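Please consider the structure shown below. The paragraphs that follow lead through some of its features in turn.

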Amino acid sequence: MEVDQLQRTFHDYHASLFNEGFLDEQFVQLQQLQDESNPGFVVEVVSLFFEDSERLLNDLSKALDQVNVDFRKIDAHVHQLKGSSSSIGAQRVRNACIAFRNFCDERNIEACLQCLQQVRQEYLLVKTKLEALLRLEQQIVAAGGASPM
Amino acid sequence: MTTKTGLLGDGGQIWMKLWDQISDCGCKIHHHYSRYIGSRKVRKNWSRKVLIAWIVFWIIAALWVFWYMSSQAVEKRKETLASMCDERARMLQDQFNVSMNHIQAMSVMISIFHHGKNPSAIDQRTFARYTEKTSFERPLTSGVAYAVRVLHTEREQFEIQQGWTIKRMDNVEQTPVHDDEYDPADLETSPVQEEYAPVIFAQDTVAHIISVDVLSGKEDRENVLRARESGKGVLTAPFRLLKTNRLGVILTFAVYKRDLSPNATPAERIQATAGYLGGIFDIESLVEKLLQQLASKQAILVNVYDTTDISHPISMYGSNDSFDGLHRVSPLNFGDPFRKHEMHCRFKQKPPWPWVAITTSVGILIISLLVGQIFHATVNRIAKVEDDYHEMMELKKRAEAADVAKSRFLATVSHEIRTPMNGVLGMLQMLMDTDLDETQQDYVRTARESGKALVSLINEVLDQAKIESGKLELEAVSFDLRAILDDVLSLFSGKSQDKKVELAVYVSNKVPATLVGDPGRFRQIVTNLVGNSIKFTDKGHIFVTVHLVEEVVEMEDPTSSLSGLPVVDRRRSWAGFRSFNQEASTSSSDQINIIVSVEDTGQGIPLEAQSRVFNPFMQVEPSITRTHGGTGIGLSISKCLVHLMKGEIGLASLPQIGSTFSFTAVFTNGCSNFGDQISQQVNDQSNSISSEFQGMRALLVDPRPARAKVSKYHIQRLGIHVEVVPDLSLGVSSLSPRNAPINMVFIEEEIWEKDLGMSVLLLNNLRKDCRVSIKTLLLSNSTSAIRSGFSSPDVPTPFVVMKPLRASMLAASLQRAMGVGSRVNYRNGEIHTSLSLSNLLHGRKILVVDDNPVNLRVAAGALKKYGADVAHADRGKDAISLLTPPHPFDACFMDIQMPEMDGFEATRRIRDIEASINKGIQGGEVCAEAYGNVSNWHVPILAMTADVIQATNEECSKCGMDGYVSKPFEAEQLYREVSRFFQTVSDEDQ
């Protein structure tokens, strides 16, 4: 019973993440790539994403604090972040990155700083959501259920 | 007259000037226009200045013309006045002279008859009568009188003789009295003078002055004295006449006692003087009478003055109203040199308004203003047109930009739609793999088909957009044209079977096995055309033929069509192709000019619509869209693609008979080119299908040559030798043992059904002849129609080969029939993608290069799922070192955008390394064994990119990449790309 309950919660939560636009179809693809032979795939990729993104966000804040802002470097960082976020399907982060890159092209420091703020916010949001989702999954597995992914 | 011509001449000059001005202006306008074409503002100012100058000039000109013409009029008027005045003066003078002459004649008469005779022949009565009778001779004189010279010494005697005393005149004049009261008796007796000149004779009109001493009057005295001195007629100053009180003058002639020489001295004249004859001229009535005789009396006013004393001219005639207009003075000569007279003439009316001048000048002004207006309007118009032009240019630019934006938008949107659609399709595909019941399967299949249709539609739109934005580029890879046509046929096999339309393809033997070109685009064109034909054909056939261009030129008219129905002469569809006319000059040894015709027996295209079928979004008529669907974009894309392949497309169509679309395309011969390796692989593939049937013999029973040709072509592709017979009886005879053994018999379904008895006979014959197992195969059009006639139990059911025929299909059917056993799983004729992908990728060692750890992980995960052995690198440099031969990798997926070294650069370097090693091996410099005995290193490298549009094929192939896959991975695309490299190998593995 408890597992069923958890499964249902998981599915609802999963669906809500899609409805609210935090995640897109790419995340589903990711989930499909996970199978018996590769059980921790999603967790692995997601934590890689967290790691990578945090590094990139730190690099970005540092780069924007410089007296002479190196926009090329920033652009490369944002591109990386965009790539990884689209890979795991965090589309709101990705969209924020696209806007960020546009301002980067315009060399608009003010807007870039704002964008960084927004990207960070989106990232933190999706991070919380994903962590919650993964926690739910773990709970299901711990309760003896099959992984819903 | 002269003035008139002068005026005309002047007018002519003016117009000439005007014309010069206009043409000059025209030249200027043109000149300035071309000079200032760039700067509108300057031109506008300039044109305004010209306009103002123009108007001012013409106002001045008009004023001048007005002045000139009115002065001309005044001049003319003056001349008229002068001539009139002179005429009057002359007449007056003449009449006066006539009267004067008469009076002179009278003086002669008096001197003869009064003084010359004694006693005098004339007395007062005679004189009065005479003068009265002859007064018509002197119309101007109111009276004539004769005064005799009487010295003082003779006075008394004279007075006695006359019976009256000499009276004086002075006070008479001083107190003028009225006519009635005038009485000569009242006059005073003349005082004592040295001499007297009493009037003795007088006309009745002036009888009252008889006995008056004219010398006593001041005026008369002077007159008399001057007259006798000069011997000529002398005039007094004008004065009021005694009785009439009108202005008059008195003309006085002296009468001499004896004839005098003309140059007698005054003293002699005085001495000889006998008397004085005076005539009273009534000037006023004189002039009035004169004027009355002239017609234009009213026109002018005439004044006559005595101007002897210039400072005080005495008016003799005319009113005195001062009028300082035009006037004319004509001198009058009344024969008295002492007295001077003048006639002054004026016009009664004021000069009329010079209307001619006014209208002319106003006319000129109006014309010039109109011209100015035209000029102004023209300049404005030009400015406006130019503004419009600029606006149009702006709009054009915007429209073009909008067009580009539209294309970009289409591309983007299509791309954006494709991504989720791929998700949908992928999910549906996965859903189909799950356990579903029939209905669910059906639903899912339908959904999937719809999705695929949508994706293909989007692809078409995307293609159109790409073509419009000029981004479409063709690949140049080796491909097997026959295989592609087989693919297309299999795509439509379901539909053609449903509609019972025979679908067939025939490729001429002369077309090389491998060609180099863009197979995808070629397939697209053929698919479009066949798809179109299928849509509009409900019976008969659709026949795709491929020939070399050189071949069809000599080809004769086919005698029968595939299905026996009439078809359009396909040669008409390529009648307009240029390549046929100059084909001899263009074809080089390497270039393969092929012509593909798609012939159908459908409803055809109306003549009027044939010209626009190749326009985008244009169908024959709107209702077509409703009945058959489609965007109408396919033919337009096909046309563009054909053009890209340096070919032409055309059609011939007859309503209710069918249409034939033909196109040419230029490919290069694959066998003689660099693509050897790949073409070899392709050949291997087709060989692998056919090898097992190599050398077999088959009998084909088909009465229709066209269809037999197609079937023969397909069977021959499997390496089977084919013999064609037109009917079953011949077939039976040819099965006799003397002939070479036959492995199989193909029979057209049509024959089979028509002639069952013979069929059974044939089958029995076959059964009897047990030396070889002879298989019978029916060539059938549709699944449902076969079953009839197999009820008899002793007749073995023949194997049925479904049309459309194609090599792989035929091979599979044969395998089944001959019991060779199927190797490949065909499910509904389709290859199961993910399964195949697993087959393809299983055990492959693949290197994934991406700087983004997340992407790297995802890509690796995806590939691993299909059983690939994945290694990864996160930098271009690492990839290079890993891929330097010898290496164990079968393929590499490379991210394009990476820091330090991007995918293009890394690939380029890898290719360089490979090339140098290959060269080394071939040259024998390097031991091939050190490189794993591989003589030609070329690891397939596929680009991974998120942006399909941007990463063009060209860019990829330029740096040596073999293809690209879009990120994130998508099974079908991955399969498509990967299969290009792995198919052969997987076949070999199996």
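Which residues of α25(B) are buried? In this predicted model, they are V854(B), N855(B), L856(B), R857(B), V858(B), A859(B), A860(B), G861(B), A862(B) and L863(B). The helix is thus mostly covered, with 10 of its 13 residues buried. Its length can also be checked: helix α25 of chain B comprises residues 853–865, and because each residue should contribute 1.5 Å, the expected span is 18 Å, which agrees with the 18 Å between its end C-alpha atoms. After α25(B) comes G867(B), which has a positive phi, near 90°.

Two other stretches of chain B carry an annotation. According to an unreviewed UniProt entry, residues 50–69 and 353–375 of chain B are each covered by the annotation "transmembrane region". In the model, residues 50–69 of chain B are 100% helix and 0% strand, with end C-alpha atoms 28 Å apart. Residues 353–375 of chain B are 91% helix and 0% strand, and there the end C-alpha atoms lie 33 Å apart.

The nonpolar interior may be considered next. The largest nonpolar core has 66 residues, of which L92(B), F127(B), Y146(B), L277(B), V304(B) and M343(B) touch the most other members. Helix α2 of chain B, residues 40–115, supplies the largest share of this core, namely 11 residues. To examine one member more fully, V304(B) touches, among others, L92(B), V287(B), I314(B), L332(B) and M343(B), when residues up to four places away in sequence are not counted. A second, separate core consists of 51 residues, including L481(B), I542(B), V596(B) and F661(B).

Notes:
Residues are numbered from 1 along each chain as its sequence is written. Chains are lettered from A and ligands numbered from 1 in the order in which they are written. This is a predicted model: local features need pLDDT of at least 70, side-chain atom pairs count only at pLDDT 80 or more; totals for chains, interfaces and linings use all residues. Side-chain values use heavy atoms; hydrogens and water are left out. Helices (H or I, at least four residues) and strands (E, at least two) are DSSP runs, numbered from the N terminus. The expected span of a helix is 1.5 Å times one less than its number of residues. Buried means under 20% relative accessible area, exposed over 50%, partly exposed in between (1.4 Å probe, protein chains only). UniProt positions are given in the numbering used here, feature names are shortened, and annotations may be inferred rather than shown by experiment. A nonpolar core is a set of buried Ala, Val, Leu, Ile, Met, Phe, Trp, Tyr and Cys residues joined through side-chain atoms within 4.5 Å. Contact means heavy atoms within 4.5 Å.
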